Amino acid sequence: MVSVPRLVIAAPASGSGKTTVATGLMAAFAGRGLAVSPHKVGPDYIDPGYHALATGRPGRNLDAYMCGPDLIAPLFTHGAGGCDLAVVEGVMGLYDGASGQGELASTAQVSKLLRAPVVLVVDASSQSRSVAALVHGFASWDPEVRIGGVILNKVASDRHEALLREALDESGLPVLGVLRRAPQVATPSRHLGLVPVAERQADALDAVRAMGERVREGCDLDALLALARSAPALSDEAWEPEGFPREGSRPVVAVAGGAAFTFAYAEHAELLTAAGAEVAVFDPLHDEKLPSGTAGLVIGGGFPEVYGPELSANEPLRRAVTELALSGAPVAAECAGLLYLARELDGRPMCGVLDASARMSERLTLGYRQAVAVADSVLAAAGTRLRGHEFHRTVLEPGAGTTPAWGLLQPERRLEGFVQGGVHASYLHTHWAAEPGVARRFVERCRG
């Protein structure tokens with residue numbers, strides 16, 4: 001049995017202030033000297049970066065669509081081991097999940113899997129007594145979801161607060177915090193999320209400090225901690241990256257990082273290490289060489305279009321990546337990595353490993369996908385089924401090579417990505433904890 005005090009921070013809808021409250025709580029409790037484990041429901045890569053700033057620990061995702069419901073509690077327990085408190089930021093509205101899949105991947109489902117009390121963050125800017133009806137509806141919709149209290153956000157004045165509290169007295173749910181409107185805490189957004197921490201490190205630190213201060217001033221931290229401690233023990237064993245013992249040297253797997261490639265799940269590096277690799281992070285914006293002894297390359301997602309000129313200007317590294325790929329070494333590229341391997345991005349030369357051209361588009365491609373591996377590759381055997389998600393505002397022409405990486409099955413059927421030599425490149429983001437064999441297979445290919 002594992003007992004970790006925990007809270008899930010949810011809201012009736014996106015834009016209510018979940019990230020501000022969740023990140024602020026993490027910072028406020030960390031400021032009290034507690035070891036806080038940060039988590040995010042869903043596939044989002046960006047919020048966990050702010051969570052990591054607030055807590056000093058890796059932000060971790062809990063995605064029941066990509067990893068399956070059975071892995072949620074084990075992944076949570078793995079991340080929260082040894083901590084005094086875990087704070088889980090929800091996704092969208094409390095009961096919103098994967099499209100057409102019922103509660104799957106919703107904050108409500110994750111809260112039930114974790115047996116965690118929920119704190120509902122309500123944007124109260126345009127209501128008074130109606131807030132009680134809204135809260136009552138969310139609290140009574142699913143009796144298995146335990147809403148333990150409410151934090152009122154964007155409250156205009158003392159009078160407004162008094163009206164809201166009076167209305168909520170009838171709901172039976174305690175008001176655990178009241179946050180006034182504070183535009184100075186606002187953080188810039190791009191597409192459907194915040195600008196990543198790596199792109200605005202100093203400003204992001206200031207924003208996290210401001211969120212923590214707002215929460216300290218406006219929330220009852222003692223009551224919130226007591227609520228977190230009321231969560232029952234979990235009987236699920238902690239997930240652990242599967243080891244793959246083998247004598248001999250550890251192949252170096254270079255992993256792209258820096259401001260242009262910020263999308264990565266913490267478990268991927270852990271799985272690579274457990275499979276026998278030495279993980280070496282490098283920055284394609286500044287490093288002109290791959291890490292010494294690189295035997296394989298992983299290039300994750302991010303916003304390469306923002307740094308197109310700088311990535312293109314780093315010709316020595318582009319040549320090094322091309323030479324590695326042409327040598328047959330394993331290369332795994334997701335989304336931004338796919339664009340970096342293309343011939344060009346918005347007319348600027350990239351690595352040219354793939355005979356494809358990328359450009360920015362007005363259309364945002366977003367959503368969960370079911371996929372099957374079309375051919376054997378460094379990541380998967382033909383026929384392997386995985387779930388993932390797409391998140392990009394770019395178009396690649398052609399969208400698939402002679403040997404595609406994936407056949408997407410839902411919500412639409414199409415071929416996508418490239419498998420050529422040791423290269424596996426695709427728009428699809430995947431979570432390797434759902435299929436640990438991906439990391440083991442990749443590292444074995446790096447051993448040659």
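This tour moves through a predicted model, starting at one helix and its packing and going on to salt bridges and cysteines.

**Stop 1: helix α4**

Select residues 107-114, which form helix α4. Seven of the eight residues of α4 are buried, so the helix is largely enclosed by the rest of the structure. The buried residues are Thr 107, Ala 108, Gln 109, Val 110, Ser 111, Lys 112 and Leu 114. To see what surrounds them, add β1 (6-10), β2, β3 (60-62), α3, β4 and β5 (118-123), against which the buried residues of α4 pack. Before leaving the helix, step just past its end to Arg 115, which takes a positive phi of about 50°.

**Stop 2: α3 against α4**

Keep α4 in view and add residues 72-80, which make up helix α3. The two helices pack at an angle of about 70°, and their axes are 9 Å apart. Because angles of 65 to 115 degrees count as roughly perpendicular, α3 is described as roughly perpendicular to α4. Show side chains for Ile 72, Ala 73 and Phe 76 on α3 and for Val 110, Leu 113 and Leu 114 on α4, since these residues make the contact. By class, the contact of α3 with α4 comprises six nonpolar residues, with no polar and no charged ones.

**Stop 3: salt bridges**

The whole structure contains 20 salt bridges, and a few of them are visited here. Return to α4 and select Lys 112, then add Asp 142: the two form a salt bridge in which the closest N and O atoms are 2.7 Å apart. This pair links distant parts of the chain, with Lys 112 in helix α4 and Asp 142, 30 residues away, in the loop between α5 (130-141) and β6 (147-155). Asp 142 has a relative accessibility of 12% and counts as buried, and Lys 112 is likewise listed among the buried residues of α4.

Next select Glu 89 and Lys 40, whose closest N and O atoms are 3.2 Å apart in another salt bridge. Here too the pair links distant parts of the chain, as Glu 89 belongs to strand β4 (residues 85-89) and Lys 40 to strand β2 (residues 36-41), 49 residues apart. Is this pair buried or exposed? Glu 89, at 1% relative accessibility, counts as buried, and Lys 40, at 5%, counts as buried as well.

For a pair within one helix, go to α11 (residues 315-326), where Arg 319 and Glu 315 lie four residues apart, about one turn of the helix. Their closest N and O atoms are 3.8 Å apart, and the two form a salt bridge. Arg 319 counts as partly exposed at 46% relative accessibility, and so does Glu 315 at 42%. Residues three or four places apart in an α-helix point the same way, because there are 3.6 residues a turn.

To finish this stop, select Asp 158, Glu 161, Arg 165 and Arg 180 together, which are linked in a network of salt bridges.

**Stop 4: the cysteines**

How many disulfides does a search of the whole structure find? The count is zero. Select Cys 67 to see one case: the closest cysteine sulfur belongs to Cys 335 and is 18 Å away, too far for a bond. Cys 67 is buried, with a relative accessible area of 10%. Cys 446 is also in no disulfide, the nearest cysteine sulfur being that of Cys 351 at 17 Å. Cys 446 is buried, its relative accessible area being 10%.

Technical notes. Residues are numbered from 1 along each chain as its sequence is written. This is a predicted model: local features need pLDDT of at least 70, side-chain atom pairs count only at pLDDT 80 or more; totals for chains, interfaces and linings use all residues. Side-chain values use heavy atoms; hydrogens and water are left out. Axes are lines fitted to C-alpha atoms, for helices over the stretch in contact, and angles run from 0 to 180 degrees between N-to-C directions. Angles under 35 degrees count as roughly parallel, over 145 as roughly antiparallel, 65 to 115 as roughly perpendicular and the rest as oblique. Contact means heavy atoms within 4.5 Å. Ala, Val, Leu, Ile, Met, Phe, Trp, Tyr, Cys and Pro count as nonpolar, Asp, Glu, Lys and Arg as charged, and the others, Gly among them, as polar. A salt bridge is a side-chain nitrogen of Lys or Arg within 4 Å of a carboxyl oxygen of Asp or Glu. Buried means under 20% relative accessible area, exposed over 50%, partly exposed in between (1.4 Å probe, protein chains only). A disulfide is a pair of cysteine sulfur atoms within 2.5 Å.
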